[in-house]
Amino acid sequence: MLPIDCESDDYKFNKTLHRDVKISPNQWNNKWDLQFEDGDFKIVSGHDSLRNAINIAIMTRYKELKNELYSPDFGCKIHELTKAKKSTIVQKKIAYYCENVLKEMRRIKTVNEIIVTDNKDNNAHKYGVFFNITSINDEVISGSVNL
C-alpha cells in the first residue's frame, strides 16, 4: 500500500475528493512526470488530488485510455488543436473542450471559470489554461495547466 498522511486535515476533511499519485510538469520541457518521495510514489489527497485529476483529464487525449476504470469517452479533445494556428476561435475551442471534460468529473459540482491565455514564451502552438471550479464538498479550487 502506498504511504498516505492520514493525519493531515486535507485527508481527514476532504476524503470525498479521493487520493492519487502526484504528477507535475518537469522543469525542462513541460512534460508531466510521476513524482517520487523516499523512493516511492508521492501521494496527494483532497484538494491536491482533485487538481491532479483535472490535470490528468485535460492532458489525456480523448478516448486514449482503454481501461475499464475509465469511461470509453474519457479525455479531452484539445489535442485535436495541437498544430492549429493561434486564434481567438482556437482559444474558445480549448476553453469549451476543457469545460466539457471538467463537467464530466464526479468530484466537480460546477465549473466556475475557464480562461485560456497565450503562453509566456510566445510559442506558436502553446497556451495556458486557468480553471476555477467548485468541488462536490463546496470548496472553490483554482489551478492551471500549460498546453
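Trainee: Which residues of helix 3 are buried?
Mentor: Helices (H or I, at least four residues) and strands (E, at least two) are DSSP runs, numbered from the N terminus. Buried means under 20% relative accessible area, exposed over 50%, and partly exposed in between (1.4 Å probe, protein chains only). The buried residues of helix 3 are Val90, Ile94, Ala95, Tyr97, Cys98, Val101 and Leu102.

Trainee: At which pLDDT do side-chain atom pairs count?
Mentor: Residues are numbered from 1 along each chain as its sequence is written, and side-chain values use heavy atoms, with hydrogens and water left out. This is a predicted model: totals for chains, interfaces and linings use all residues, local features need pLDDT of at least 70, and side-chain atom pairs count only at pLDDT 80 or more.

Trainee: Within what arc do the buried residues of helix 3 fall?
Mentor: The arc is that of the directions from the helix axis to the C-beta atoms. Thr88, Ile89, Lys92 and Lys103 are exposed on the other side of helix 3. The buried residues line one face of the helix, because seen down its axis they fall within an arc of 165 degrees.

Trainee: What do the buried residues of helix 3 pack against?
Mentor: Contact means heavy atoms within 4.5 Å. Helix 3 (residues 88-103) lies across strand 7 and strand 8. Its buried residues pack against helix 2, strand 7 and strand 8.

Trainee: In what order do the three strands form the open sheet?
Mentor: Two strands pair if DSSP finds at least two bridges between them. Strand 8 (residues 127-135) is joined to strand 9 by seven bridges, and the bridge partner of Phe130 in strand 9 is Ser144. The pairing in the sheet is antiparallel, and the order is 7-8-9.

Trainee: What angle does helix 2 make with strand 9?
Mentor: Axes are lines fitted to C-alpha atoms, for helices over the stretch in contact, and angles run from 0 to 180 degrees between N-to-C directions. Helix 2 (residues 46-59) packs on the sheet and touches strand 7, strand 8 and strand 9. Its direction and that of strand 9 make an angle of about 40 degrees.

Trainee: How many residues of the largest nonpolar core come from helix 3?
Mentor: A nonpolar core is a set of buried Ala, Val, Leu, Ile, Met, Phe, Trp, Tyr and Cys residues joined through side-chain atoms within 4.5 Å. The largest has 27 residues, and Ile54, Ile94, Leu102 and Ile114 have the most contacts inside it. Helix 2, helix 3, strand 7, strand 8 and strand 9 each supply at least two residues. The largest share comes from helix 3: seven residues.
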